[in-house]
Amino acid sequence: MKSNKLTLGVFASADAGKTTLSENILFNSGVIRRIGHVDEGDSFLDSDSMEKERGISIFSKEARFSVDDMDVVLIDTPGHIDFAAEAERTLNILDAAILIISSDGINKRTRQIWSKLDRYRIPRLIFVNKCDLASFDRERIEAQLHRISSATFDVTNLQKIDDDLCEKIAFSSDLALDIFEQSSGFSKSDIKMLINRAALFPCVYGSALKGDGVKELIKSLSYFDKQREYDDAFSCFVYKITRDKSGSRLSHVKITGGSISLKQSINDEKINDIRLYNGDRFISKKDVSAGEICVLTGLEKTISGQLIDRDKIAVLPKNDASVVSRKIKLPSGADFHSAAMELKKIYEELPEIQLEIESNNDIRIAVTGELQLQTLSRIIERRLGYCVEFGEESITYLETIAKQVEGYGHFEPLKHYAEVHVRLVPLPQGTGIKISSSCSETEFPPGKQNKVLNILQEYDHRGVLTGSRLTDVEIVLLHAKEHARHTEGGDFWEAARRAVRQALMKASSVLLEPVYSFEISVSSDDFGKINSELTKLGAVIDSHSIDGDVIVLKGSAPVISLKPHIEEISAFSIDGSGFDISSNGYLPCRNSDAVISASKYNPDEDTENPSSSIFTQNGSGMSVSWRECEEFMHIKPYVKRVSSNFDRKSNYSRQSLDDIFKQTYGKNKVSHVKYKKLITPEQDEHKYQSKQFKNSKKTKHVLLVDAYNLIHANTYLKDLAKLDLGAAREKMLEIVAEYSSMKGFEAILVFDAYKNKDRLANKEDALGVSFVFTASNETADSYIERYVFEHIKSENITVVTSDRLEQMTIFQMGANRQSASDFFDEFDLLKTKLMPHLLH
């Protein structure tokens, strides 16, 4: 299908006059009656109070106008470097762009924008602004433009091409040269084709403030294609998430195929409204078709950068702020849970802050600069109703391993049981964590293996040097064992993480530090000095090129040494080109001993990441150190260390260990288990071909929740229920909805209503969760038991309740059981460990 809609982005560095030009375009197109000004706080697009106070664009905004049979959606983007991610979010949806260059010259930010536009191959017009200033030097600007691209030409010259210009165009790109060789010239259609292929860039000179050149710029939009082809099948790209004044979640999308109507569903969520925004105002539509930019309401699962309903992955702007982070300090008395929930909403809207909620209730974010930090502080104050403080910047280190190692975890307190064996394999730099299995399917069924693999995938594994996140490691499941009666949902979670941790305690660990890649253009006179300064900072010069008196240096350096000197080094750059830096992954830390010592991290004291195993002794659980636990694992064969670098002195007496072993295996079975002897694995122990982790989808999984039991098991919900039972129900509904969404379960909340006389059973739906009020004279327990009996053959059912009698009943019927405390523990684990990975 064809569309006459053009999505046009407007880009510039700070103070280049971008919003002023946008206002002029809208004025000359008849959209607004008067031209607003950023400094006066009355511009059509910069309407947020923070934008009015600071006189800059912070958020991208949409406006609409028509020119020549084209419906144009103009997207005005922020120019300041701190808000680069907000601007770059739009790159996936643009058909064309206007790049504004101040008459002051091309600076570092302009070069970055040009590079991004090149990466996405976006056709563009160039508007050189502030040409009315006395300092304007046209020859200097043309030389700078030619330096970033030889395909930049004055738009007035393109209207009548002479032989000299024809030759210049021919040698500006390979595509232009191909056309020239075939036809010995360029027709108007050739020029238009080159522009739309991002191989030629018309330049307009003028003054946005005075309106000079604006009409010519609007006229030049006719160079862009008036008709665009789209697929007939529906698809859309989500480029931004916001919330309106009422708190409704807004998904900003471009329809990239087909059409969609009101009340249609996207990923099982109904569209409540379709809005076409023009500044702060909008109109609602019943349907929209391909090429349109619109806002959809009613969608709670969409994420920024998501391409829906097409077998294609969009390239997302890469954020370089992840290598440093700051801690958010909540004021005394602030509720951590509610703050974390609200911050996650802000993270949906601003994914570049890279929110991390640690298991110890620490909240960390990454920001690119002081201005973004101040803006984020204001946004948080708006949402939470109070101010927060931010800690100092800290470098984000990672850890990996140098050699393959195996680890073992056992979890067996009274009436619990699980054992897991894993192998850790080092992977190439930048790979991340990979999960696979070489466990025998006859030993441990695939469905159960997937549960363990799921745990290994979701858990935020930490290294043992500084407690930093683990990366570039493949975790291979070797063996796993459960007990027919005593294994519960959280047991494998305990055993699996202990197995990985035990392996890390034995491993040759490597601390990794973040590295910046850089590029800087300096004069030949400054080359020696800048080269010396960079070398002192541990930089490696990868290459240098010479263009007259200008030398371009490219290289890399550790973030920790380079970051404090960025402004100092930028001063050497020529023509204001700046010091371009970007994140370039991680490399082994140069001064790891000093960093490890300064962290004061003791892995043996990290209770959040235990390396010991739990065995049963005298009817109760007893912790056995990672140094001793291997000899008493129940699965055989296993690989026992022949030699090691750690002290073999045990913290337990031989009698204590014997007692543990007897309690585990039974008195009559000890004689044939030679736990003091080295046990060598059989050659075909891991002969099964390694298979990649794949979620099991054999049957529907239903989560049945005893609602009031869950409320009274949680302190926060219980206290809330005392004040407002309805509010407690809604909060629990949100929690169960989020949990079931992350797990892929269908959830049913069951509320007791047996005390209400003559009440019939009632079932409703909200947030993707079904909730049932039982009939009079029927308890929640009896409803749950009846449901399990009727559906257990066709569904995997997990019942959440802390009622021990109910647990025993449904377990005998074949359902899984999960206590309320285990539910909340797993929910906290999922939301702090799994969600950040899904959203990045």
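Strands β15 and β16 form a hairpin with two residues between them, and glycine 279 in the turn has a positive phi of about 70 degrees. Strands here are DSSP runs of E with at least two residues, helices are runs of H or I with at least four, and both are numbered from the N terminus. The model is predicted, so local features need pLDDT of at least 70 and side-chain atom pairs count only at pLDDT 80 or more, while totals for chains, interfaces and linings use all residues. Residues are numbered from 1 along each chain as its sequence is written, and side-chain values use heavy atoms, with hydrogens and water left out.

Within the hairpin, β15 (residues 273-278) and β16 (residues 281-284) pair in the antiparallel sense over four bridges; two strands pair if DSSP finds at least two bridges between them. Three bridges also join β15 to the antiparallel strand β18 (residues 293-297). Arginine 275 stands opposite serine 284 in β16 and opposite valine 295 in β18. Five of the six residues of β15 are buried, so the strand is largely enclosed by the rest of the structure; buried means under 20% relative accessible area, with a 1.4 Å probe and protein chains only.

Attention now turns to domains, whose bounds come from an automatic or database domain assignment, and to empty space. The lining of the largest cavity draws at least three residues from each of domain 1 (2-228) and domain 3 (324-396). A cavity is a set of points on a 1 Å grid over the protein atoms alone where a 1.4 Å probe fits but cannot get out, and lining residues have an atom within 4 Å of a point. Helix α12 (residues 370-384) gives the largest share of this lining, four residues.

Note on methods. Buried means under 20% relative accessible area, exposed over 50%, partly exposed in between (1.4 Å probe, protein chains only).
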